[in-house]
Amino acid sequence: MIKVRQKETATNLVYFYNLDTIKSLDELGVWFVGVSSISDLTIRRIQLIDSSDKNAEGTGSTEIDIAIARNNLANCIRDVHADTVSISTFYKGVSIVIGVDCIGWTLSIAANKKDKDALDSLENLLTFLLSQ
């Protein structure tokens, strides 16, 4: 996982990475099992997004159950033709969103600027997880 840039808005901080070790949906599924096993990390919501499927809200989105994602994320992504996975989490008392672009194989993590310590801690854990 190679950090490529950082974006700061008035309220949020977002880190962007190239995923050098994940290049397939099956590898992403294995990675997700590891992420979902991190202590102190609660996965609250998983959305599979097909950016080519426009609806009234602007994008086609399907929410999936965490247990299903743990067992079959790759096939779920294929079934709905998703190009992005958005994982809403709660880590160390902080809301953090993990996004994965399944075409360009990039990852982003975003949180409120005041929660930089938790964001940096999760960044270290994700980097460690991807190095194994």
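Q: How many aromatic pairs does the structure hold, and what would make two rings a pair?
A: The structure, which is a predicted model, holds zero aromatic pairs. Two rings would pair if their centres lay within 6.5 Å.

Q: What makes Lys3 a charge that sits over the ring of Tyr15?
A: The charged end of Lys3 is placed 3.6 Å from the centre of the Tyr15 ring. The cut-off for a charge over a ring is 6 Å from the ring centre, together with a limit of 35 degrees from the ring normal. The distance of 3.6 Å is within the 6 Å limit, and therefore satisfies the distance part of the definition.

Q: How do you know that Arg5 meets the distance cut-off for lying over the face of Phe16?
A: Arg5 is at 4.0 Å from the centre of the Phe16 ring. The limit is 6 Å, so the distance condition is met.

Q: Why is Ser36 called buried or exposed?
A: The relative accessibility of Ser36 is 16%. Buried means under 20%, so Ser36 counts as buried. This residue lies in helix α1. Leaving aside neighbours within four places in sequence, Ser36 is in contact with Ile43 and Arg70.

Q: What places the side chain of Ser36 within polar-contact distance of the backbone of Val33?
A: A polar atom of the Ser36 side chain lies 3.0 Å from the backbone oxygen of Val33. The distance limit for a polar contact is 3.5 Å, so this pair falls within it.

Q: Which residues have the most contacts inside the largest nonpolar core?
A: They are Leu28, Trp31, Leu107 and Leu126, in a core of 40 residues. Helices α1 (25-36), α2 (66-80) and α3 (116-131) are among the elements that each supply at least two residues of this core. Strands that do so include β2 (12-18), β3 (41-50), β5 (84-91), β6 (94-101) and β7 (106-112).

Q: Which residues is Leu28 in contact with, leaving aside its neighbours within four places in sequence?
A: Leu28 is in contact with Ile22, Leu73, Ile77, Val85, Val100, Cys102 and Trp105.

Q: Why is Phe90 called buried, partly exposed or exposed?
A: Phe90 has a relative accessible area of 34%. Buried requires under 20% and exposed over 50%, so Phe90 is partly exposed. Its place is in strand β5. Not counting residues up to four places away in sequence, Phe90 touches Asp40, Leu41, Thr42, Arg44 and Ser95. Phe90 and Ala69 are 21 residues apart in sequence, and their C-alpha atoms are 17 Å apart in space.

Q: What makes the phi of Asp40 and that of His81 notable?
A: Most residues other than glycine have a negative phi. Phi of Asp40 is near 75 degrees, a positive value, and phi of His81 is near 55 degrees, also positive. Asp40 is found in the loop between α1 and β3, whereas His81 lies in the loop between α2 and β5.

Q: Why is His81 called buried or exposed?
A: His81 has a relative accessible area of 59%. Exposed means over 50%, so His81 is exposed.

Q: How do you know whether the length of α3 agrees with its number of residues?
A: At 1.5 Å a residue, the 16 residues of α3 should span 22 Å. The end C-alpha atoms of α3 are 22 Å apart, so the two values agree. The buried residues of this helix include Leu119, Leu122, Leu126 and Leu130.

Q: What makes the pairing of Lys116 with the side chain of Asp120 a polar contact?
A: The two side chains make a polar contact at 2.6 Å, and that distance is within the 3.5 Å limit. Both Lys116 and Asp120 lie in helix α3. Not counting residues up to four places away in sequence, Lys116 touches Leu13 and Tyr15. Asp120 and Leu13 are 107 residues apart in sequence, yet 10 Å apart in space, C-alpha to C-alpha.

Q: Why do Lys116 and Asp120 fall into their accessibility classes?
A: The relative accessibility of Lys116 is 37%, between the limits of 20% and 50%, so Lys116 counts as partly exposed. Asp120 stands at 19%, under 20%, and therefore counts as buried.

Q: Why is Ile103 called buried or exposed?
A: At 66% relative accessibility, Ile103 is over the 50% limit and so counts as exposed. Ile103 is found in the loop between β6 and β7. The C-alpha atoms of Ile103 and Lys92, 11 residues apart along the chain, are separated by 30 Å.

Key. Residues numbered from 1 in each chain as written. Predicted model: local features only at pLDDT ≥ 70, side-chain atom pairs only at ≥ 80, totals over all residues. Heavy atoms only, no water. Core = buried A, V, L, I, M, F, W, Y, C linked by side-chain atoms within 4.5 Å. Buried < 20%, exposed > 50% of the residue type's maximum accessible area, 1.4 Å probe, protein only. Helix = DSSP H or I, 4+ residues; strand = E, 2+ residues; numbered from the N terminus. Contact = heavy atoms within 4.5 Å. Polar contact = N/O pair within 3.5 Å; in protein donor to acceptor, adjacent residues only side chain to side chain. Phe/Tyr/Trp six-rings, centres within 6.5 Å; stacked < 30°, edge-to-face > 60°. Expected span 1.5 Å × (residues − 1).
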